[in-house]
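Visitor: I should like to learn how to read the features of a structural model one by one. Could we begin with burial and then turn to the backbone?

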Amino acid sequence: EGEARPPLEGAVAARFSGPMLRTILAHAGGATPDTRDLTLVASDGFRATIELEDVMGYPILLATARDGERLERELGGPLLAVFPLGTYPHLAERYTESWWVYYVTHVVVGTETAHVRVGAHTVTAESLAALPTRTITASVGYRVGWPSEPVVITGPTLDAVVATSGADLAGATSVRVLGIAPITRSAERPTRVSAADAASGDVILGLAYGDPPVPIPARLGGPVVLCFTDDVAARQNGHDWLTFVDELVVERASADPAGD
């Protein structure tokens, strides 16, 4: 518990309470020796990455209450990342309002091992790495942490990942792409790639970026991100650039959505 003033114009100081992020990490089994950071993911897909040394060194909260009252959604609840700026004002230089993540649903420790589920089958990191890759240069739509200029992204095509699982696009209408953020799994804002676009090879599941390519870390939404060419992007909604992709659902008009 501690007093803090969110770094927003007009914000007032309040007393926030809830579990410390380092306590949550310990309860979940702790970090591995090579872990350098934690990434908080919100229900709407927003994310922010915090250095592990700061998680362990400062009482950063996932607050559940403000001034003794349950933290309502309009104030960032039910879980809001809160930094102890009242006690440690220097943290405001690194952790601005963009790190006060609202509606936190996931804490990603380091960068997880890549995998994608298709129906009852899981395509492992080894299987993904064994697939032929396609490179797309595009201005990404994830924005958070990515540059505004076009970026080179490399990974297997969406249809190849589906085929590796044993599923088939024949007769399919679309492939629904899901990430860990709850909004991607709701009816509010689904991401669907038409079967024709999926089969074209112009949609990939990005595993690496840059030239030479390096794995996409959690701070950029990795290890698996959705990426498509500008032609496909013109047929998609702006929100369809997804991070933390972990599931594909092959949808058919004549049956309930199925992955096989």
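Guide: A residue counts as buried when its relative accessible area is under 20%, as exposed when it is over 50%, and as partly exposed in between. The model shown here is predicted. In this model Tyr-103 has a relative accessible area of 19%, so it falls in the buried class.

Visitor: Where is Tyr-103 found?

Guide: Tyr-103 belongs to the loop between E8 and strand E9, the latter covering residues 104–109. Its backbone also deserves attention, for phi is near 50°, a positive value in a residue other than glycine.

Visitor: How should a positive phi be read?

Guide: Most residues other than glycine have a negative phi, and most peptide bonds are trans. Another positive value in a non-glycine residue occurs at Arg-143, where phi is near 65°. Arg-143 sits in the loop that links strand E12 (134–138) with strand E13 (151–155).

Visitor: Is Arg-143 buried, partly exposed or exposed, and why?

Guide: The relative accessibility of Arg-143 is 44%, and therefore the residue counts as partly exposed. Tyr-103, by contrast, is buried at 19%.

Visitor: You mentioned trans peptide bonds. Which residues are joined by a cis peptide bond?

Guide: One such bond joins Gly-77 and Pro-78, with omega about 10°. Pro-78 lies in the loop between E7 and strand E8 (80–82). Another cis bond links Asp-211 to Pro-212, and there omega is about 5°. Pro-212 is likewise a loop residue, placed between strand E17 (208–209) and strand E18 (214–215).

Visitor: Let us turn to sheets. In what order do the four strands of the open sheet stand?

Guide: The order is E1-E2-E6-E7, with antiparallel pairing. Strand E1 (2–4) and strand E7 (69–70) each have a single partner strand, so they stand at the edges and one side of each is left without a neighbour in the sheet.

Visitor: How many bridges join E1 to strand E2?

Guide: Three bridges connect E1 with strand E2, residues 14–17, and the two strands run antiparallel. In this pairing Gly-2 stands opposite Phe-16 of E2.

Visitor: Which residues does Gln-236 touch, leaving aside those up to four places away in sequence?

Guide: Under that restriction, the contacts of Gln-236 are Arg-192, Val-193, Asp-197 and Phe-228. Gln-236 itself is located in the loop between helix H6 (230–233) and strand E20 (245–252). Its relative accessible area is 12%, which means that this loop residue is buried.

Visitor: How may the protein chain be described as a whole?

Guide: Its secondary structure consists of six helices and 20 strands. The radius of gyration is 20 Å, close to the 18 Å that the globule rule gives for 260 residues, so the chain is as compact as a globular protein of that length. Along the principal axes, the C-alpha atoms fill a box of roughly 60 × 40 × 35 Å. Of the 260 residues, 47% count as buried.

Visitor: What share of the contacts with a separation of 6 or more comes from residues 24 or more positions apart?

Guide: Such residues account for 62% of those contacts.

Visitor: What may be said of the surface and the charges?

Guide: The accessible surface comes to about 12,300 Å², and carbon and sulfur atoms contribute 52% of it. As for the charges, the protein chain has 19 positive and 32 negative ones, and their mean positions are 2 Å apart.

Methods. Residues numbered from 1 in each chain as written. Predicted model: local features only at pLDDT ≥ 70, side-chain atom pairs only at ≥ 80, totals over all residues. Heavy atoms only, no water. Buried < 20%, exposed > 50% of the residue type's maximum accessible area, 1.4 Å probe, protein only. Contact = heavy atoms within 4.5 Å. Pairing = 2+ DSSP bridges. Rg over C-alpha atoms; globule rule 2.2 N^0.38 Å. Areas by Shrake-Rupley, 256 points an atom, 1.4 Å probe, with all protein chains shown as cover. Lys, Arg positive; Asp, Glu negative; His and termini not counted. Charge placed at Lys NZ, Arg CZ, Asp CG, Glu CD.
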